[in-house]
Amino acid sequence: MKSNFVINLKKFLLTNVIKYFRYVNWYETDQSVHKLNIKKIRKNNLKLLIFNSKKKVSKSSMEMHGYFKRYKEKLKRFNKKNYFLVLTNKSKKKAELLCCLWVNYHPKNKHYIQELDVYVNLKNQYLIYDGETPGHLRGNGYFTFLMQMARYKFKNKKVISYVLSTHPVANEVNKKAGSRFVRKMYGYWNKNIFKIKCRVKRIL
(Lines give C-alpha, C1' and ligand atoms only; values in the text may rest on other atoms or scores of the structure.)
Protein backbone atom coordinates (compact mmCIF):
# COMPACT_ATOMS: atom_id res chain seq x y z
CA MET A 1 0.00 0.00 0.00
CA LYS A 2 1.13 3.52 -0.79
CA SER A 3 1.86 5.70 2.19
CA ASN A 4 -0.25 8.78 2.90
CA PHE A 5 2.82 10.90 2.24
CA VAL A 6 3.17 9.58 -1.34
CA ILE A 7 -0.57 9.97 -2.00
CA ASN A 8 -0.62 13.53 -0.61
CA LEU A 9 2.52 14.41 -2.55
CA LYS A 10 0.95 13.22 -5.80
CA LYS A 11 -2.21 15.22 -5.08
CA PHE A 12 -0.15 18.31 -4.29
CA LEU A 13 1.94 18.04 -7.45
CA LEU A 14 -1.07 17.30 -9.65
CA THR A 15 -3.07 20.22 -8.22
CA ASN A 16 -0.21 22.69 -8.66
CA VAL A 17 0.66 21.52 -12.18
CA ILE A 18 -2.98 21.88 -13.25
CA LYS A 19 -3.04 25.45 -11.92
CA TYR A 20 -0.37 26.45 -14.45
CA PHE A 21 -1.99 24.95 -17.52
CA ARG A 22 -5.74 25.39 -17.06
CA TYR A 23 -7.38 28.70 -17.85
CA VAL A 24 -10.34 30.90 -17.01
CA ASN A 25 -12.60 32.78 -19.40
CA TRP A 26 -12.58 36.52 -18.71
CA TYR A 27 -15.81 38.50 -19.12
CA GLU A 28 -16.72 42.18 -19.11
CA THR A 29 -20.10 43.88 -18.95
CA ASP A 30 -21.50 44.71 -22.33
CA GLN A 31 -22.11 48.46 -21.84
CA SER A 32 -24.71 48.44 -24.61
CA VAL A 33 -26.92 46.01 -22.67
CA HIS A 34 -28.54 47.13 -19.43
CA LYS A 35 -32.00 45.63 -19.78
CA LEU A 36 -33.35 43.83 -16.75
CA ASN A 37 -36.32 41.50 -17.01
CA ILE A 38 -38.40 43.19 -14.30
CA LYS A 39 -41.51 41.14 -15.14
CA LYS A 40 -39.79 37.82 -14.44
CA ILE A 41 -38.24 39.14 -11.24
CA ARG A 42 -41.60 40.41 -9.97
CA LYS A 43 -43.33 37.21 -11.00
CA ASN A 44 -40.84 35.17 -8.99
CA ASN A 45 -40.92 37.63 -6.04
CA LEU A 46 -37.16 38.04 -6.11
CA LYS A 47 -35.15 40.68 -4.30
CA LEU A 48 -31.49 41.74 -4.22
CA LEU A 49 -29.80 42.33 -0.86
CA ILE A 50 -26.33 43.86 -0.53
CA PHE A 51 -24.18 43.45 2.57
CA ASN A 52 -21.02 45.49 3.08
CA SER A 53 -20.13 44.62 6.68
CA LYS A 54 -20.07 41.79 9.22
CA LYS A 55 -22.49 43.79 11.36
CA LYS A 56 -25.18 43.79 8.68
CA VAL A 57 -24.78 40.07 8.17
CA SER A 58 -25.12 39.36 11.90
CA LYS A 59 -28.25 41.54 12.13
CA SER A 60 -29.96 39.86 9.19
CA SER A 61 -32.79 37.45 9.98
CA MET A 62 -32.53 35.80 6.58
CA GLU A 63 -32.01 32.05 6.37
CA MET A 64 -28.51 31.68 4.87
CA HIS A 65 -28.36 27.87 5.00
CA GLY A 66 -25.23 27.96 7.15
CA TYR A 67 -23.19 29.88 4.57
CA PHE A 68 -21.01 31.78 7.03
CA LYS A 69 -20.77 28.79 9.35
CA ARG A 70 -19.10 26.88 6.54
CA TYR A 71 -17.05 29.83 5.33
CA LYS A 72 -16.13 31.85 8.41
CA GLU A 73 -12.94 33.10 6.77
CA LYS A 74 -14.96 34.87 4.09
CA LEU A 75 -16.15 37.43 6.64
CA LYS A 76 -12.66 38.96 6.39
CA ARG A 77 -13.48 40.05 2.85
CA PHE A 78 -15.57 42.91 4.21
CA ASN A 79 -12.34 44.48 5.49
CA LYS A 80 -11.06 44.69 1.91
CA LYS A 81 -14.04 46.47 0.35
CA ASN A 82 -16.11 43.54 -0.83
CA TYR A 83 -19.87 43.38 -1.25
CA PHE A 84 -21.83 40.22 -0.48
CA LEU A 85 -24.83 40.04 -2.82
CA VAL A 86 -27.76 37.77 -2.07
CA LEU A 87 -30.79 36.91 -4.15
CA THR A 88 -33.73 36.27 -1.85
CA ASN A 89 -37.50 35.82 -1.97
CA LYS A 90 -40.12 38.35 -0.88
CA SER A 91 -43.15 36.09 -0.74
CA LYS A 92 -42.35 33.85 2.24
CA LYS A 93 -42.59 34.88 5.88
CA LYS A 94 -38.88 34.29 6.35
CA ALA A 95 -36.52 35.25 3.54
CA GLU A 96 -33.89 32.74 2.52
CA LEU A 97 -30.68 32.81 0.52
CA LEU A 98 -31.45 31.55 -2.99
CA CYS A 99 -27.95 32.22 -4.30
CA CYS A 100 -25.09 34.59 -3.62
CA LEU A 101 -21.89 36.08 -4.99
CA TRP A 102 -19.11 38.45 -3.99
CA VAL A 103 -18.04 41.72 -5.60
CA ASN A 104 -14.56 43.11 -5.06
CA TYR A 105 -14.83 46.86 -5.61
CA HIS A 106 -11.61 48.21 -4.08
CA PRO A 107 -10.05 50.49 -6.77
CA LYS A 108 -6.50 49.44 -5.86
CA ASN A 109 -7.05 45.84 -4.81
CA LYS A 110 -5.06 42.95 -6.14
CA HIS A 111 -7.50 40.10 -6.55
CA TYR A 112 -6.22 36.57 -6.08
CA ILE A 113 -7.52 34.01 -8.57
CA GLN A 114 -7.14 30.78 -6.64
CA GLU A 115 -7.87 28.57 -9.65
CA LEU A 116 -4.73 29.89 -11.42
CA ASP A 117 -2.63 30.98 -8.44
CA VAL A 118 -2.22 34.50 -9.87
CA TYR A 119 -3.07 38.05 -8.83
CA VAL A 120 -4.82 40.59 -11.06
CA ASN A 121 -4.96 44.34 -10.52
CA LEU A 122 -8.37 45.98 -10.33
CA LYS A 123 -8.40 49.41 -11.95
CA ASN A 124 -11.71 50.92 -10.87
CA GLN A 125 -13.42 47.68 -11.86
CA TYR A 126 -16.06 45.72 -10.01
CA LEU A 127 -15.11 42.05 -10.01
CA ILE A 128 -17.84 39.43 -9.55
CA TYR A 129 -16.55 36.14 -8.13
CA ASP A 130 -17.22 33.15 -5.88
CA GLY A 131 -20.89 32.61 -6.65
CA GLU A 132 -22.87 29.81 -5.05
CA THR A 133 -26.38 28.35 -5.06
CA PRO A 134 -27.49 25.90 -2.32
CA GLY A 135 -27.67 22.41 -3.75
CA HIS A 136 -31.42 21.96 -3.24
CA LEU A 137 -32.15 25.23 -5.10
CA ARG A 138 -30.05 24.66 -8.22
CA GLY A 139 -31.64 24.45 -11.65
CA ASN A 140 -34.11 27.31 -11.08
CA GLY A 141 -32.16 30.01 -12.91
CA TYR A 142 -31.58 31.99 -9.71
CA PHE A 143 -27.91 32.65 -10.38
CA THR A 144 -28.66 34.11 -13.82
CA PHE A 145 -31.13 36.50 -12.17
CA LEU A 146 -28.55 37.46 -9.55
CA MET A 147 -25.89 38.14 -12.19
CA GLN A 148 -28.35 40.30 -14.15
CA MET A 149 -29.37 42.24 -11.05
CA ALA A 150 -25.75 42.77 -10.00
CA ARG A 151 -24.85 43.99 -13.47
CA TYR A 152 -27.82 46.35 -13.46
CA LYS A 153 -27.03 47.60 -9.94
CA PHE A 154 -23.52 48.57 -11.03
CA LYS A 155 -24.45 49.58 -14.56
CA ASN A 156 -22.30 52.70 -14.42
CA LYS A 157 -19.24 50.67 -13.47
CA LYS A 158 -17.05 48.35 -15.47
CA VAL A 159 -18.13 44.93 -14.18
CA ILE A 160 -15.84 41.99 -14.83
CA SER A 161 -15.93 38.29 -13.96
CA TYR A 162 -14.06 35.07 -14.65
CA VAL A 163 -15.07 31.43 -14.89
CA LEU A 164 -13.07 28.24 -15.28
CA SER A 165 -13.26 26.98 -18.84
CA THR A 166 -14.34 23.58 -17.53
CA HIS A 167 -17.61 25.02 -16.14
CA PRO A 168 -19.89 25.32 -19.20
CA VAL A 169 -23.00 26.19 -17.16
CA ALA A 170 -21.28 29.10 -15.39
CA ASN A 171 -19.93 30.37 -18.71
CA GLU A 172 -23.41 30.29 -20.19
CA VAL A 173 -24.81 32.20 -17.19
CA ASN A 174 -22.30 35.01 -17.78
CA LYS A 175 -23.41 35.33 -21.39
CA LYS A 176 -27.10 35.30 -20.47
CA ALA A 177 -26.46 37.99 -17.85
CA GLY A 178 -25.18 40.37 -20.51
CA SER A 179 -21.44 39.82 -20.21
CA ARG A 180 -19.20 39.41 -23.23
CA PHE A 181 -16.22 37.11 -23.50
CA VAL A 182 -12.95 39.05 -23.66
CA ARG A 183 -10.08 36.60 -23.44
CA LYS A 184 -8.62 33.45 -21.93
CA MET A 185 -6.30 33.78 -18.94
CA TYR A 186 -3.73 31.08 -18.23
CA GLY A 187 -1.98 30.80 -14.88
CA TYR A 188 1.33 29.62 -16.36
CA TRP A 189 1.55 32.21 -19.12
CA ASN A 190 0.42 35.13 -16.94
CA LYS A 191 3.09 34.36 -14.35
CA ASN A 192 5.82 34.09 -16.96
CA ILE A 193 4.73 37.25 -18.79
CA PHE A 194 4.94 39.08 -15.46
CA LYS A 195 8.48 37.76 -14.87
CA ILE A 196 9.56 38.79 -18.38
CA LYS A 197 8.21 42.32 -17.85
CA CYS A 198 10.13 42.61 -14.56
CA ARG A 199 13.36 41.48 -16.23
CA VAL A 200 12.91 43.96 -19.08
CA LYS A 201 12.39 46.81 -16.58
CA ARG A 202 15.57 45.84 -14.73
CA ILE A 203 17.59 45.75 -17.96
CA LEU A 204 16.28 49.17 -19.02
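1. A good place to start is the wall of the largest pocket: by class, its lining has 16 nonpolar, 14 polar and 10 charged residues. Here Ala, Val, Leu, Ile, Met, Phe, Trp, Tyr, Cys and Pro count as nonpolar, Asp, Glu, Lys and Arg as charged, and the others, Gly among them, as polar.

2. Please keep in mind that this is a predicted model, where local features need pLDDT of at least 70, side-chain atom pairs count only at pLDDT 80 or more, and totals for chains, interfaces and linings use all residues. Residues are numbered from 1 along each chain as its sequence is written, and side-chain values use heavy atoms, with hydrogens and water left out.

3. On a 1 Å grid over the protein atoms alone, a pocket is an open set of points with protein on both sides within 12 Å along at least five of seven lines, while a cavity is a set where a 1.4 Å probe fits but cannot get out; lining residues have an atom within 4 Å of a point. Points are joined across faces, edges and corners, and a volume is the space filled by probe spheres set on them.

4. The largest pocket has a volume of about 1,300 Å³. Of its 40 lining residues, Glu-115, Tyr-129, Asp-130, Gly-131 and Tyr-162 lie nearest the centre. The largest share of this lining, 5 residues, comes from β7.

5. Now for the enclosed space: the structure holds 1 cavity of 30 Å³ or more, and the largest cavity has about 50 Å³ of space. Among the residues lining the largest cavity are Tyr-27, Met-147 and Ser-161. By class, that lining has 6 nonpolar, 4 polar and 2 charged residues.

Methods:
Helix = DSSP H or I, 4+ residues; strand = E, 2+ residues; numbered from the N terminus.
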